[in-house]
Amino acid sequence: AGLMLFLTALPFVVLLSWAFDLTGSGFRRMEPGSLSGKFVIAATCTLVIGISGAWFFWQDEERQHSVNTTDGDGRSIIAVLPFEDLSGQGHDDWLPLAFTDEIINRINAHPDLVALDLESVRHTLIEQRLQNEQAPVYRVTGKLLPAPVGTRVRVRMTDALGNVGWEHEQVFTLMDAQTLSAAQKWVAGQVAAGLGLSLAGVDYCEPSSNARATELYLNARERFSQRGPENVATAAQMLEEATRLDPYFARGLELLSEVYQRFPRWVMQDPSHYGMNKEELERFLRGQPELEAAKRALDLCPTLGAAYFTVEISAPVQHSYADAVDIMEEAIRRDPANVILRGRMVEFLLRVGHVKWADDVAREMYLRDPLSTRVPHVLGWTQDMLGNLDRSIELDHESLNLGYRLENILPQISSTYVSLGDNRGLERLLGESFEPSGRIPIDPREVLAAQSDQKLKENLIETYRELVNSGDPNILRSLSGWAGRSLALDLGDEGLAW
């Protein structure tokens, strides 16, 4: 600002000094033949303008460099690769993954940082290129090396071109969870400091102090992302064991609460996976185990967003739509990197008709965790509702390629193929072995064929009416989404949709 003020005043100063000389008697008009002062003025102006131009050029270079290290919202993207365990200390095979995972969690606690694993970053950049955005990233690599006492942790950060920004190392005993956590905290702090930021004062929920509990948590998180009765039940059993081993494992309790909330939809289909019959499971759920787990998690760590939302939305008061939105936004403010929480917000926003807002939240999910099996499907869901059907198909196939269960994605993707009139795509998707089930009770190829066959259309509508009248909650849940689009829109029966 001072330089700008100086450059603004410079022309006036030059005019005055060109016209007047400063003498012992004050200012006097310059003699007509006197040029020495003019040469001094000209030289001074040339020097000042040259220095100013160089300064502005340097500032522009710095600004461009700063822009090129962010994701478009002013946040730096950091790829954290799995640390190599060369320490010879006999650590479990999963330790390097857990070590990296916790570093990513700590970095993500800062609102101006987005930390991902390398493959997630690659997917993120693909998505951003589709939006004509640039997002080069920093890369963090590390090794666990032998030391006379304990383990030497070496960490290095490079830019997108492979230029080394810095390299640091420090020795930790790494013999128990406390020192492991200290090492993770040190690495995350070094990364933030390398970008001119600090994690001091950033609220963060500490990891488990039990190695086995951490391993169970990581495995349960993966199983839960797959959905399905067996996976959801198994995830709950893993998390119950993890939180039994470590009753102070706040994130484990929060995830357990989320899993319990999916029991009515998934585990109720086959309660035997959880070791109960239907009556026993209904009695178990009436005790609100999800609320109890969320309260315990929130007591241990008030920054947990999903636990906060569960507790607040379950309060015995009548919440308005605006209340629910405020609670959800506060939950995300507390825990910005929680992808599961954002998934719940997408579902909520779609339920109340805010499709564009839901798509924005889904894009943030995809930015933060594009390789989670379900996340591309969620973004595909919102893209479908916005009319971007081809992109929706691509994202659904991403989820399938990542291992997402076909039965979970089949209603949406088959409906999209029907809307596109793409029978060949349906043939590739379903194959010859497809049989109707509760999740999708009629072959989508018949729905597509019925658009040009009035008799088949009438038969399909009658079949669907029989299914609706059956009152089966699993079939109704499936029909409410799939048939509402495929039949009401493609077969033209709005009454059936209602």
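The buried residues of helix H11 pack against four helices, namely H8 (250-261), H10 (289-300), H12 (321-334) and H13 (339-351), where helices are DSSP runs of H or I with at least four residues, strands are runs of E with at least two, and both are numbered from the N terminus. A residue is called buried when its relative accessible area is under 20%, exposed when over 50%, and partly exposed in between, with a 1.4 Å probe and protein chains only. H11 itself spans residues 305-313 and is mostly covered, since seven of its nine residues are buried; these are Gly305, Ala306, Ala307, Tyr308, Phe309, Thr310 and Val311.

The model is predicted, so local features need pLDDT of at least 70 and side-chain atom pairs count only at pLDDT 80 or more, whereas totals for chains, interfaces and linings use all residues. Residues are numbered from 1 along each chain as its sequence is written, and side-chain values use heavy atoms, with hydrogens and water left out.

H11 also takes part in the largest nonpolar core, to which H8, H10, H11, H12, H13, helix H14 (355-368) and helix H15 (375-385) each supply at least two residues. A nonpolar core is a set of buried Ala, Val, Leu, Ile, Met, Phe, Trp, Tyr and Cys residues joined through side-chain atoms within 4.5 Å. Of the 37 residues in this largest core, Leu304, Leu341 and Val346 touch the most other members, and H13 gives the most to the core, with seven residues. Val346, when its neighbours within four places in sequence are left aside, is in contact (heavy atoms within 4.5 Å) with Ala358, Val361, Ala362, Met365, Val378 and Thr382.

In the loop between H10 and H11 lies Thr303, which counts as buried because its relative accessibility is 15%. Not counting residues up to four places away in sequence, Thr303 touches Asp203, Cys205, Arg334 and Asp335.

Another part of the structure to follow is the pair formed by helix H6 (residues 211-226) and helix H7 (residues 229-245), which pack at an angle of about 160 degrees with their axes 8 Å apart. The axes are lines fitted to C-alpha atoms, for helices over the stretch in contact, and the angles run from 0 to 180 degrees between N-to-C directions. H6 is therefore roughly antiparallel to H7, given that angles under 35 degrees count as roughly parallel, over 145 as roughly antiparallel, 65 to 115 as roughly perpendicular and the rest as oblique. H6 passes H7 in a left-handed crossing, a term used if the near helix is turned anticlockwise from the far one by less than a right angle, while clockwise makes a crossing right-handed. The residues of the contact of H6 with H7 divide into 11 nonpolar, four polar and four charged; here Ala, Val, Leu, Ile, Met, Phe, Trp, Tyr, Cys and Pro count as nonpolar, Asp, Glu, Lys and Arg as charged, and the others, Gly among them, as polar.

The loop between H6 and H7 contains Arg227, which counts as buried because its relative accessibility is 6%. Most residues other than glycine have a negative phi. Arg227, although not a glycine, has a positive phi of about 60 degrees. Gln288, in the loop between helix H9 (278-286) and H10, likewise has a positive phi, near 50 degrees, in a residue other than glycine, and Gln288 counts as partly exposed because its relative accessibility is 38%.

Further along the chain, helix H16 (residues 389-401) and helix H17 (residues 406-420) pack at an angle of about 155 degrees, with their axes 10 Å apart. These two helices are therefore roughly antiparallel to each other, and their crossing is left-handed. By class, the contact of H16 with H17 has eight nonpolar, six polar and two charged residues. Ile409, placed in H17, counts as buried because its relative accessibility is 0%. Not counting residues up to four places away in sequence, Ile409 touches His377, Asp396, Ser399, Leu400 and Tyr404, and its C-alpha atom is separated by 9.0 Å from that of Arg374, 35 residues apart along the chain.

Finally, the view can widen to the protein, which has 22 helices and eight strands. Buried residues make up 47% of its 498 residues, and among contacts between residues at least 6 apart in sequence, 59% join residues at least 24 apart.
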